[in-house]
Amino acid sequence: MTMTLLYQTHSPYARKTLVFAHEVGIAGLIDVVHQETSPTLKNPDVFARNPLGKVPVLLRPDADAIFDSDVICAYFDTLHAERRMIPPEGEARWRALRLQATAQGLCDAAIALRWETVRRPRELRYVPLQDGYTEKLLATYDWLERELDVHEPIHVGHIALATALSWIAFRDLPDFRAGRPRLAEWLDAFETRESMRKTPLSGDTHD
């Protein structure tokens with residue numbers, strides 16, 4: 001079974017799904033097709049498959065398209081016979097899903113901050129909103145420095161976090177390394193994984 005992943009080389013959400021696929025050994029089943037998307041630049045090919053007009057979207061033969069990244073990762077976790085990256089039960093499940101939600105929230109806040117500092121016309125930017133998003137990022141970095149279990153077996157939350165932090169660094173958004181050595185060391189180690197090295201971030205957003 002060959003699937004098609006509508007992808008974007010500078011999306012942390014899309015990269016999460018592809019890193020996940022590499023980690024569970026199914027990347028060879030996926031054709032990756034880059035698609036430029038933006039709230040201000042409609043991509044008809046993506047809209048035809050996802051009414052939100054966003055990637056990632058997974059196209060499956062003889063089945064409905066799947067989106068977003070959380071759902072795609074959950075689907076990928078059913079396609080292999082190894083240890084599940086989304087623990088099926090108990091506290092391990094809730095820790096993994098909580099970390100995934102934290103990482104997704106980081107991406108959401110960071111993307112919103114980038115709108116208020118880079119992408120929106122200067123005369124329309126709102127400084128109190130910039131400050132609010134920055135505060136969310138910094139508070140989450142501090143929480144991760146305290147709470148991240150660096151010895152836990154890899155799971156979907158780690159993949160989501162690594163791709164989120166890597167994207168934040170890629171876009172020169174507020175630094176998570178300063179004063180947070182545990183978090184920085186963990187990411188440095190994670191980025192040496194083959195799944196991360198095979199899915200580098202590249203490109204600029206086109207609005």
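These legends go with a set of close-up views of a predicted model.

**View A. The whole chain, eight helices and three strands.** Follow the chain along its sequence and you get the pattern β-α-β-α-β-α-α-α-α-α-α. The radius of gyration is 17 Å, close to the 17 Å that the globule rule gives for 207 residues, so the chain is as compact as a globular protein of that length. Along the principal axes, the C-alpha trace spans about 50 × 45 × 30 Å. Of the 207 residues, 47% count as buried. If you look at contacts with a separation of 6 or more, 71% of them come from residues 24 or more positions apart.

**View B. The largest pocket, with a volume of about 600 Å³.** Its lining is made up of 26 residues, and Ser 11, Tyr 13, Lys 54, Val 55 and Ile 111 are the ones that lie nearest the centre. Helix 1 (12–23), helix 3 (69–76) and helix 4 (90–119) are the elements that give two or more residues to this lining. Helix 4 gives the most, with six residues. As for chemistry, the lining is a mix of nine nonpolar, ten polar and seven charged residues.

**View C. Glu 23 and Arg 193, joined by a salt bridge.** Here the two side chains meet at 2.8 Å, N to O. Glu 23 sits in helix 1 and Arg 193 in the loop between helix 7 (181–190) and helix 8 (194–197), so the pair ties together parts that are 170 residues apart in sequence. Glu 23 counts as buried, at 18% relative accessibility. Arg 193 is partly exposed, with a relative accessible area of 32%.

**View D. Glu 152 and Arg 95, another salt bridge.** The N to O distance for these side chains is 2.9 Å. This pair also links distant parts of the chain: Glu 152 is in the loop between helix 5 (127–147) and helix 6 (156–170), while Arg 95 is in helix 4, 57 residues apart. Glu 152 counts as buried at 16% relative accessibility, whereas Arg 95 counts as partly exposed at 38%.

**View E. Glu 194 and Lys 198, paired side chain to side chain.** This salt bridge comes in at 2.8 Å, N to O. Glu 194 is partly exposed, with a relative accessible area of 46%. In total, the structure holds eight salt bridges.

**View F. Two cis peptide bonds, at Val 55–Pro 56 and Phe 67–Asp 68.** Val 55 and Pro 56 are joined with omega at about 5°. Pro 56 lies in the loop between helix 2 (44–47) and strand 3 (57–59). Val 55 should look familiar, as it was among the residues nearest the centre of the largest pocket. The bond from Phe 67 to Asp 68 has omega near 5°, and Asp 68 is in the loop between strand 3 and helix 3.

**View G. Asp 62 and Asp 172, each with a positive phi.** Neither is a glycine: Asp 62 has phi of about 60°, and Asp 172 has phi near 55°. You'll find Asp 62 in the loop between strand 3 and helix 3, and Asp 172 in the loop between helix 6 and helix 7. Asp 62 counts as exposed, at 84% relative accessibility. Asp 172 is exposed too, with a relative accessible area of 71%.

Conventions:
Residues are numbered from 1 along each chain as its sequence is written. This is a predicted model: local features need pLDDT of at least 70, side-chain atom pairs count only at pLDDT 80 or more; totals for chains, interfaces and linings use all residues. Side-chain values use heavy atoms; hydrogens and water are left out. On a 1 Å grid over the protein atoms alone, a cavity is a set of points where a 1.4 Å probe fits but cannot get out, and a pocket is an open set with protein on both sides within 12 Å along at least five of seven lines; lining residues have an atom within 4 Å of a point. Grid points are joined across faces, edges and corners, and a volume is the space filled by probe spheres set on the points. Helices (H or I, at least four residues) and strands (E, at least two) are DSSP runs, numbered from the N terminus. Ala, Val, Leu, Ile, Met, Phe, Trp, Tyr, Cys and Pro count as nonpolar, Asp, Glu, Lys and Arg as charged, and the others, Gly among them, as polar. A salt bridge is a side-chain nitrogen of Lys or Arg within 4 Å of a carboxyl oxygen of Asp or Glu. Buried means under 20% relative accessible area, exposed over 50%, partly exposed in between (1.4 Å probe, protein chains only). The radius of gyration is taken over C-alpha atoms; the globule rule is 2.2 Å times the number of residues to the power 0.38. Contact means heavy atoms within 4.5 Å.
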